[in-house]
Amino acid sequence: MDLSQRLANLQKQCAAAPGVQPRLLAVSKTVPARTLRAAYALGLRHFGENYLQEALAKQAELADLDIQWHFIGRIQRNKTQAIAEHFQWVESVDRLLIAERLHAARGDLPPLNCLIEVAISGEASKGGVAPAEVLPLARAMTALPGLRLRGLMALANPDPQLAPQDFAAMARLYGQLQEQLPSAGIDTLSMGTSGDYPLAIAAGATEIRIGTALFGARA
Ligand SMILES: *Cc1c(COP(=O)(O)O)cnc(C)c1O
């Protein structure tokens, strides 16, 4: 299968979602800029990158395109300035210090779309805040005008037996967030990757983050 066939297959599954049709975020870490350009030509507009330097190089090469760049990797505090300046979305906010620095760095730019990353599977190796920390962090973030809190992001347990309960827990947390912060405009639940996106779509994801199922295996 080539890129256009893989994309058509993913789009078909998004279109068949039971509720809101999820957006496809093309996760393009390690993928060369010319391939992003080909994906853009097929209609993709949202791209997710994990590593700042790699992303900046591609952004420079693709500056003629109208791409929405999402930062989805671990955020080091000394990278917050550049991330705030060069991305439209940050999906991996995992502590207030990082949120405050992103807010301060945003300056006169429109508010930065942010998701709180949740450590839903409880695996210590993964980033994110504990579920109990989500609401306090969300409340604090809504007080920062440089940011626009849009929702939650998570990686589920890689074990397909355990992933469904993680997705269900995320959907509950997302519902609670919308209920507790009714005027915040919470509209994004980003979950599901190449290995588990059908389960995430079934559980109510509004965005799936797809790398290998779109671009092929990473080198
Ligand atoms: C790499 C990555 C993905 C995409 O993973 P695939 O299995 O290649 O689809 C999604 N989310 C995050 C946070 C990632 O780092």
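The questions below go through parts of one predicted model. Local features need pLDDT of at least 70, side-chain atom pairs count only at pLDDT 80 or more, and totals for chains, interfaces and linings use all residues. Residues are numbered from 1 along each chain as its sequence is written, and side-chain values use heavy atoms, with hydrogens and water left out.

Reader: Is Lys29 buried or exposed?
Author: Buried means under 20% relative accessible area, exposed over 50%, and partly exposed in between (1.4 Å probe, protein chains only). Lys29 has a relative accessible area of 16%. By that cut-off Lys29 is buried.

Reader: Which feature does UniProt place at Lys29?
Author: Lys29 lies in the loop between strand E1 (23-27) and H2 (helices, H or I, of at least four residues and strands, E, of at least two are DSSP runs, numbered from the N terminus). The entry is unreviewed, and UniProt annotations, given in the numbering used here with shortened feature names, may be inferred rather than shown by experiment. The feature placed at Lys29 by UniProt is "modified residue: N6-(pyridoxal phosphate)lysine".

Reader: Why do the buried residues of H2 line one face of the helix?
Author: The buried residues of H2 (residues 33-41) are Ala33, Leu36, Ala39 and Tyr40. Seen down the axis of H2, they line one face because they fall within a limited arc, taken from the directions from the helix axis to the C-beta atoms. That arc is 115 degrees.

Reader: Which residues are exposed on the other side of H2?
Author: The buried residues of H2 are covered by elements including helix H1 (3-15) and strand E2 (46-49), through contact (heavy atoms within 4.5 Å). On the other side, the exposed residues are Arg34 and Ala41.
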